[in-house]
Amino acid sequence: GTVTAQAGGAPLEGIEICVRRQLDGVSEGCVRTDASGFYELRGLHKLSDFDVYVNDTDGQAFYKEMNQDKECCDGPGDPVDTTISDQVVDFALEASASISGRVVESSTGNPVVGSWVWLVSAQCEFLTHGETDRNGDFTISGFGAGTYYIAAFAEYQGYISTIYPNEQRMNVCHPDIQDGQAIVIGNTEQLISFDFALDPGGSINGFVSDSSGVLPNGVGAARLYDFDGNTLTVFRNWNEDGSYTIGGVIPGTYQVVLTSYGAGLVDERFDDETCPRNSCDPELGVPIVVGPDEDVMDINAELADGAVIRGTITDAGSGLGVAGYCVAFYTSGGVYAAFACADENGDYESLTGLPDGEYLMSNAFWGDVAAEGYLAQAWTDDGSFVACGEPCDFLLGDTFTVSGTAPVEGINL
């Protein structure tokens with residue numbers, strides 16, 4: 001097909017077009033348009049309907065879209081059937097607003113490559129982003145008129161995250177994104193020279209293990225908290241030796257909770273304090289002090305086995321499982337302790353294990369609201385429906401018991 005500008009019909013070069021199977025969301029490839037706006041995706045399987053969509057505009061100020069002018073790109077678009085013959089899918093892209101700038105290292109002026117610069121709403125919704133190139137330049141596009149904030153993230157490169165122009169944060173939403181400078185932009189306005197100078201931060205490093213040794217890459221993680229219990233950031237153990245690194249740390253005093261994903265292990269706050277997610281007493285544990293540009297090492301934990309929670313999430317009307325739906329578990333005192341998300345059949349297993357105790361379950365996270373399309377409710381032992389309101393009072397539900405490390409089955413909602 002061909003990609004052109006909706007206004008004037010000029011061909012657009014460098015636009016990335018991708019195709020994915022509607023059945024399972026698996027990508028079948030991406031290509032970029034040539035100088036005439038032409039692209040061709042070849043060698044597709046002939047046993048599936050496809051979504052064809054604009055994945056990247058190469059810094060040009062246009063909205064992304066799917067075939068048949070559908071908004072891009074979460075849900076399925078109108079299917080493109082390749083079982084019959086080759087297909088032509090053209091795009092005429094609508095112009096959008098854009099914000100451009102550069103991200104550099106504060107002391108040297110050298111470009112920070114691979115930094116993500118996010119467009120954020122006043123409610124701290126992350127809307128879209130651009131990535132810095134080898135010169136440190138970025139462009140964010142694909143949005144309309146409004147009042148926004150932008151924030152640069154380069155923790156993996158060791159720099160402190162910053163809300164424009166110079167508000168440093170470990171968590172840009174805490175205490176308030178609006179501490180940064182509001183940017184007001186028109187529907188197709190293109191703003192330039194929104195530049196960042198990032199300071200290097202400290203780091204916290206260590207290993208997450210079980211009784212058999214260091215957890216595989218991506219299974220272990222470290223969660224950074226302040227002493228008010230606010231989650232600041234999460235880093236998994238992606239280093240080659242199986243360790244984790246929390247980068248871009250602002251000098252200060254922190255708590256670290258070591259956790260896992262899908263291993264049935266109980267979270268632990270450093271040092272040796274059992275602590276499922278947010279349930280720690282902030283007065284306990286070992287404070288971790290990070291100085292300017294300091295690398296703090298050996299913040300390790302060997303996690304113990306816990307009990308995983310299993311059940312099924314169904315739609316009350318149809319009785320069918322709700323794929324991808326997530327639920328949260330709380331201590332009997334109402335503190336968030338774990339979560340789980342359902343598979344394609346609606347079945348779930350908690351990603352972490354829980355220690356002995358009494359727990360509640362709800363489809364509302366942190367006492368807030370339920371996911372779109374369903375009422376917030378608390379789990380009950382007899383399966384009856386108990387609406388918990390929004391924000392949810394999940395203490396209206398029943399508790400279930402964890403004792404030992406055997407899975408707790410049948411916690412259905």
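This report walks through the overall build, the salt bridges, a buried glutamate and some backbone oddities of one predicted chain.

Since the model is predicted, local features are reported only at pLDDT of at least 70 and side-chain atom pairs only at pLDDT 80 or more, while totals for chains, interfaces and linings use all residues. Residues are numbered from 1 along each chain as its sequence is written, and side-chain values use heavy atoms, with hydrogens and water left out.

**Overall build**

The chain has zero helices and 38 strands; here helices (H or I, at least four residues) and strands (E, at least two) are DSSP runs, numbered from the N terminus. Along the principal axes, the C-alpha atoms fill a box of roughly 65 × 60 × 40 Å. The radius of gyration is 24 Å, which agrees with the value near 22 Å for a compact globule of 413 residues. That radius is taken over C-alpha atoms, and the globule rule is 2.2 Å times the number of residues to the power 0.38.

Buried residues account for 46% of the 413, where buried means under 20% relative accessible area, exposed over 50%, and partly exposed in between (1.4 Å probe, protein chains only). The chain exposes about 19400 Å², with carbon and sulfur atoms supplying 47% of that area; accessible areas come from the Shrake-Rupley method with a 1.4 Å probe, and for residues only the protein chains shown count as cover. Take the contacts (heavy atoms within 4.5 Å) between residues at least 6 apart in sequence: 64% of them join residues at least 24 apart.

**Salt bridges**

The structure holds ten salt bridges, each being a side-chain nitrogen of Lys or Arg within 4 Å of a carboxyl oxygen of Asp or Glu. Three of them are listed here.

| Pair | Closest N to O |
|---|---|
| Asp 179 and Arg 169 | 2.5 Å |
| Asp 267 and Arg 277 | 3.0 Å |
| Arg 310 and Glu 409 | 2.9 Å |

Start with Asp 179 and Arg 169, whose side chains meet in a salt bridge. Both sit in the loop between strand S15 (167–168) and strand S16 (183–185), so the pair ties together parts that are ten residues apart in sequence. Arg 169 is buried at 5% relative accessible area, whereas Asp 179 is partly exposed at 42%. Glu 167 joins in too: with Arg 169 and Asp 179 it is linked in a network of salt bridges.

Next come Asp 267 and Arg 277, another salt-bridged pair. Asp 267 lies in the loop between strand S25 (252–260) and strand S26 (268–269), and Arg 277 in the loop between strand S27 (273–274) and strand S28 (288–290), so this bridge ties together parts ten residues apart in sequence. Asp 267 is buried, with 1% relative accessibility, and Arg 277 is buried as well, with 2%.

Then there's Arg 310 with Glu 409. This pair links distant parts of the chain, 99 residues apart: Arg 310 is in strand S31 (residues 310–312) and Glu 409 in the segment after strand S38 (400–402). Arg 310 counts as partly exposed at 28% relative accessibility.

**A buried glutamate with no partner**

Glu 105 belongs to strand S9 (residues 97–105). Glu 105 is buried yet has no salt bridge, and the nearest side chain of opposite charge, Arg 102, is 14 Å away. For charges, Lys and Arg count as positive and Asp and Glu as negative; His and the chain ends are not counted. What does approach its side chain is a backbone nitrogen, that of Thr 108, which lies 2.8 Å from one of the polar atoms there. Leaving aside residues up to four places away in sequence, Glu 105 touches Asn 110, Val 112, Tyr 159, Leu 198 and Pro 200.

**Backbone oddities**

Most residues other than glycine have a negative phi, and most peptide bonds are trans. The peptide bond from Tyr 164 to Pro 165 is cis, with omega near 5 degrees, and Pro 165 lies in the loop between strand S14 (162–163) and S15. The bond from His 174 to Pro 175 is also cis, with omega near 5 degrees; Pro 175 is in the loop between S15 and S16.

As for phi, Asp 58 has a positive value near 60 degrees. Asp 58 lies in the loop between strand S4 (49–56) and strand S5 (65–66) and is partly exposed at 47% relative accessible area. Asp 293 has a positive phi of about 55 degrees; this residue lies in the loop between S28 and strand S29 (295–296) and is exposed at 51%.

Definitions and conventions. Polar contact = N/O pair within 3.5 Å; in protein donor to acceptor, adjacent residues only side chain to side chain.
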